[in-house]
Each structure stands twice: as structure tokens, then as C-alpha cells.
Amino acid sequence: MKRVGSTFLVLVLAVCAAHAMVHVLEGSLPCVEQSIATQYDVGPATTGWLQTVWRFPWGVGALIAGWLVDHIGAKRMLALYLIGGGVTCLMAISLPGLSMLFVSMFFMGVMGSIYHPAGLALLSHETTPQTLPKVLGWHGVFGSLGIGGVPLIAAAVLSLTHSWQVFYGVLAAMSFSIGAVFVYLTLQSPERVFTRSGQPTAEDQGQWGSFGVLLVISSCIGLSYHGVMSFLPRFLSDAQVLGFHTEGEIGGNVLAASSLILGCFGQFMAGQIAKPHRLELQLTIICAGTIPFLIGMSFASPEWKWWCVAAWVMTFFMHQPVFNSLIAKYTPRSRRSLCYGVSFAMGNGIGALAAGLVGENSDLQSAYLGLAGCALAATVGGLILWIRTARTPPIGP
């Protein structure tokens, strides 16, 4: 690593906490969409499109965020995302009516879109290609803690208050707290902004053909991810695990949390085994590994639902350290944040459509067959990358 010591550790931990928080915000709506549907007397079709309104700017906004990070620095943008995320949580509480809730969720997605191009680029600049997968593995562990932790937070708040508004008040306080850390870091140390050097070097070059294939893979992965996550507590609301039978939103959130937290193991394991020279093959295997579990979710009885979800979670989240390392492998430093933003926009902008489409499906389980098809397309993309890399050795750092 380029820097070793307490400063680097604090920076990594802060970025990891910000990663956890963005997935807490992302996972907040699935946890309370049933309560929102009850309050406004609407069905899953409406709450599905409400989630699309959150997720679409979360993806597409990363394009602008990546450009801004490349020009003004990551720490400032991370502070903006966290403070802005807290403000939009308060908007969701205070602005009346379902139409204003759509507005609040849109702007919450805009604030959340800043994180990935800022946080991932910051870590890639502070590490080497050999150490980046391991750092991204820990980074992913925190993301999975956020994904798995938010249903527990929701279950606790709903059981105590039966109010989704109080839930968003808790999230606002969390976002403001982490944001204060980045305000402090921004004031304490100068921002590093990378620009293209006068004489072209390996770090100024990119493998744009392979990066284009990676964008297609990102779209396919994003569709399968958002399709599963948008209604996961609802899907598990009638599941049975080891004799424990859940009923309703709180029970579904508890089982969603217990399965999603397993993503931590997948992220950590992938970070340990990922190697720069075999990332393409590893991504292909991981994408293929999710297909049987998505098919299983399509036909699972209540006794098997949780087990299929848990297996999918552990396999699916292994892709993140590998995938994000590939972006760093294919792109120049001077455009790293923008490239992370483009990838995130493809995965989550296009992937956001899955939330609305799955919500429109009268049979929730049958939708997972279509998501298995998306995972198959991602697997084919991984094979193409593997073949391209075998024929053309990497030229970047």
C-alpha cells in the first residue's frame, strides 16, 4: 500500500462506513414498502415503481458524480452525499402525501449516487493492484453489513413504534453522524485529484473494449440484484426456517437480514482469493453460480425460500471485489471515478427497472426465472472478457 498507518486506516474505515450507509439507504424502502402500501392504500406495483424512482437516479446520477469527483475530489463529495442523505430522510418524514414521497425518494437516490464513484476511486488511488482486491473485500463486508443490517433496524423500529417515519428518522441521524467524519477529514488533509500527465504512461491508458463488455455485465448483474432486493422481505414474509414461521413485514425483515448478512462471508472470501491475472475467470464462475439459486427461488416452497436466498446472497456478493478490481484494471487513473460512475450508472440505472417490472408481476416467484436469464447473460459476458484477456495481455497498472 502507498500509505501505511493510522491515517490510512481511519480513511479506509470511514469509506467502509460510508459504503455501509449507502446500502442502508438503498435497502430502506424494501423494508417498509408494505407499511407504506398500507398507509396509502396501494399495491406492490406502486411501491415497486417508488423503488425504481429511488434506484434510477442512484445509478444514472453516478455519471455526474464520477465527473465531479475527478475534478473536485472524493472526500468533499462523500461529505455531500452523507449530509444530503440525512436531509432527504427528513424530507420523506416531513413532506405530506404519496407524490411528495416519490420526490423525496428521487433526491435520496441522487445523494446516494455519489458514493460508489467517490468511495471506490478513493480506495483504488490509495492502494496497489495487488492489495486492492483485499481492501475491496473488507469494503464489501461493510456494504453487506449495511444491506443485512437495515432489515434488522427496520424490524426493531417497527416492532417498537409501528412507524416507517421513525425508521427514516433513525437513518437520518446515522447519515449525519458519518457525514460529520468526512467533513472533518476534508478539513484535516488535502484532497488528491489525479489528472492526465503530459507524457502518456501506462496509467493514462485504458482497455476500452474490455471495459465496454464489463458495462454490459454490470447491467445484467444490476437487473438480477434489484429484482431480488426490491421485494425480499415480502418474498420471505411466509417463509419457514428450522421450525420458525414468519408472518408479515417484521418477520420478513428478520429473515431478510439473516440471509443478507451472509454476504459478508462472500465478500471477504472473494477479496482473499481474487488475483489480478484471473479476475475475469473468477467473475464468470461467480455469475454462473447464482443461476441455480435464482431458479430455485422461482419454485421454492416456504420451507426452502430462505435457503435459496441465503445461497444466492453468499454467491452473488462475491462478485463485487472482483468486478470493482476489474474496473481499476481496465481504466486510467485520471478517469477512474468517471469510469466507476459509468459502470454504476449502467448497473443501477438499467437495473432499477427490475424493481417496477417485478412489482407488476402478479406472481412474485415467477419473476426470478427472468432474473436467472440476466445472470446467464452476465456469465456469457464474463466468458468474453476471459477470452479477450487471454488474447490481449493488460497494458494498465
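**Figure 1. Environment of Val-32 in helix H2.** At 0% relative accessibility, Val-32 counts as buried (buried means under 20% relative accessible area, exposed over 50%, and partly exposed in between, with a 1.4 Å probe and protein chains only). The residue is placed in helix H2, where helices are DSSP runs of H or I with at least four residues, strands are runs of E with at least two, and numbering starts from the N terminus. Not counting residues up to four places away in sequence, Val-32 touches Leu-158, Trp-164, Phe-167, Tyr-168 and Glu-249 (contact means heavy atoms within 4.5 Å). The C-alpha atoms of Val-32 and Tyr-168 are separated by 9.9 Å, although these positions lie 136 residues apart along the chain. The model is predicted, so local features need pLDDT of at least 70 and side-chain atom pairs count only at pLDDT 80 or more, whereas totals for chains, interfaces and linings use all residues. Residues are numbered from 1 along each chain as its sequence is written, and side-chain values use heavy atoms, with hydrogens and water left out.

**Figure 2. Salt bridge between Arg-234 and Glu-33.** The closest N and O atoms of Arg-234 and Glu-33 are 2.9 Å apart (a salt bridge is a side-chain nitrogen of Lys or Arg within 4 Å of a carboxyl oxygen of Asp or Glu). Because Arg-234 lies in helix H10 (residues 232–235) and Glu-33 in helix H2 (residues 28–40), the pair ties together parts that are 201 residues apart in sequence. Glu-33 is buried, with a relative accessible area of 1%, while Arg-234 is partly exposed at 25%. A search of the whole structure finds four salt bridges.

**Figure 3. Salt bridge between Arg-55 and Glu-26.** The side chains of Arg-55 and Glu-26 meet with an N to O distance of 2.9 Å. Arg-55 belongs to helix H3 (residues 44–72) and Glu-26 to helix H1 (residues 6–26), so that distant parts of the chain, 29 residues apart, are linked. Arg-55 counts as buried at 1% relative accessibility, and Glu-26 is likewise buried, at 3%.

**Figure 4. Salt bridge between Lys-329 and Glu-280.** Here the N to O distance between the two side chains is 3.1 Å. The pair connects helix H15 (residues 319–330), which holds Lys-329, with helix H13 (residues 279–299), which holds Glu-280; the two residues are 49 residues apart. Lys-329 is buried with a relative accessible area of 11%, and Glu-280 is buried with 1%.

**Figure 5. Crossing of helices H6 and H16.** Two packed helices are described by the angle between their axes and the distance between the axes. The axes of H6 (residues 115–126) and H16 (residues 336–350) come within 8 Å and cross at roughly 135° (axes are lines fitted to C-alpha atoms, for helices over the stretch in contact, and angles run from 0 to 180 degrees between N-to-C directions). H6 is therefore oblique to H16; angles under 35 degrees count as roughly parallel, over 145 as roughly antiparallel, 65 to 115 as roughly perpendicular and the rest as oblique. The crossing of H6 past H16 is right-handed, meaning that the near helix is turned clockwise from the far one by less than a right angle, an anticlockwise turn being left-handed. On the H6 side, His-116, Pro-117, Leu-120, Ala-121, Ser-124 and His-125 take part, and these meet Arg-336, Ser-337, Tyr-340, Gly-341 and Phe-344 of H16. By class, the contact of H6 with H16 has five nonpolar, five polar and one charged residues (Ala, Val, Leu, Ile, Met, Phe, Trp, Tyr, Cys and Pro count as nonpolar, Asp, Glu, Lys and Arg as charged, and the others, Gly among them, as polar).

**Figure 6. Packing of helices H13 and H18.** The axes of H13 and H18 (residues 367–391) come within 8 Å and cross at roughly 170°. This angle makes H13 roughly antiparallel to H18. The residues of their contact divide into 18 nonpolar, six polar and one charged.

**Figure 7. Loop residues Asp-41 and His-162.** Asp-41, in the loop between H2 and H3, has a phi near 55°, a positive value in a residue other than glycine. Asp-41 counts as exposed at 71% relative accessibility. His-162 lies in the loop between H7 (132–161) and H8 (164–188) and has a positive phi of about 55° although it is not a glycine. With a relative accessible area of 64%, His-162 is exposed.
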